Amino acid sequence: MLAERIHKVFLIAKVGQTIISAALTDAPWRLPGDALVVPADADGGLEGGLARALRQAVGVEWEPIQKAIDATLTRGEFGVDRPFGLKVSGENIFALDHIIVATAFDDRGARPEAAAEAVVRLAAALGIRRLLQPLLGSGDGGLDSIETAVKMWGVIKRAAKSAGLDTITITTQSEAAFERLCAFGTDSVQEHGERQSSEAGSAETAVSKFLDGQGVTPDEELRRLLLLAGNLGPQRDPDHG
């Protein structure tokens, strides 16, 4: 278990207007975000590690949130394809405006990718700008964290194109899953550079010229961030040449 409030955050890619990052943390509610996804079991039970830690952090202010969750579940409005969001407020709820309850499990088995896609759609419908999305089904859910990260990354990347969110942060307590998500960032930079080569030489050359023109000493992390932000050269969808 990581020490609470210790975070690692890595920028993976920019998809449309949405910046997608990975975060290694056991307290995702302390990251910048408007909505936090709380993983539940197939019946909506919040007995996983993240839910328990969040309840403890929020304290007594969790009671009205739980009542609202129970009321929604009583109406049967929940499933892998039907997460739900609740407006929240209070001194101990940090900077969150919403909590989204989601599950990766139903009678068809584990479907974290379907759950993640449904969450992004819901976040867009609720007008959420900054989404904190933990891996769904790993940890206490028993799914392999690396496989879950790979599946969720693929659908989140696709869904982000039309969702219009500002940021999506995929969070995990697994070092291995975090490293796998970070590797997608390296792939994104390489792909971006290849697609820009016919029009701007290469993305790396464009970044170097930009930094030189600004009188900035080259720094690899700054180069990477500029490449991902797409501030140089013509813009193209990463899945369409």
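Which residue of β2 stands opposite V15? In this predicted model, where local features need pLDDT of at least 70, side-chain atom pairs count only at pLDDT 80 or more, and totals for chains, interfaces and linings use all residues, the partner of V15 is T18. Residues are numbered from 1 along each chain as its sequence is written, and side-chain values use heavy atoms, with hydrogens and water left out.

A little vocabulary helps here. Strands (E, at least two residues) and helices (H or I, at least four residues) are DSSP runs, numbered from the N terminus. Two strands pair if DSSP finds at least two bridges between them.

With these terms, the surroundings of β2 can be described. Strand β1 (residues 8–15) and β2 run antiparallel and are joined by seven bridges. K14 is found opposite I19 of β2. Two residues lie between the strands of this hairpin, where G16 has a positive phi near 60°. Strand β9 (residues 167–172) runs parallel to β2, and six bridges join the two; here I19 faces T167 of β9. Of the seven residues in β2 (residues 18–24), six are buried, that is, under 20% relative accessible area with a 1.4 Å probe and protein chains only (exposed is over 50%, partly exposed in between).

The wider picture is an open sheet of seven strands, in the order β1-β2-β9-β8-β3-β5-β4, with mixed pairing. Its edge strands, β1 and β4 (84–87), each pair on one side only. On average, neighbouring strands are turned by 25° against each other, direction ignored. Helix α2 packs on the sheet and touches β4 and β5, its direction making about 145° with that of β4. For such angles, axes are lines fitted to C-alpha atoms, for helices over the stretch in contact, and the values run from 0 to 180 degrees between N-to-C directions.

Helix α1 (residues 49–58) comes next, with L50, A51, L54 and V58 buried. Why do the buried residues line one face of the helix? Seen down the axis of α1, they fall within an arc of 95°, so they share one face; the arc is that of the directions from the helix axis to the C-beta atoms. Their cover includes β3 (35–40), α2 (62–74), β5 (98–103) and β8 (130–134), with contact meaning heavy atoms within 4.5 Å. After α1 comes G59, with a positive phi near 75°.
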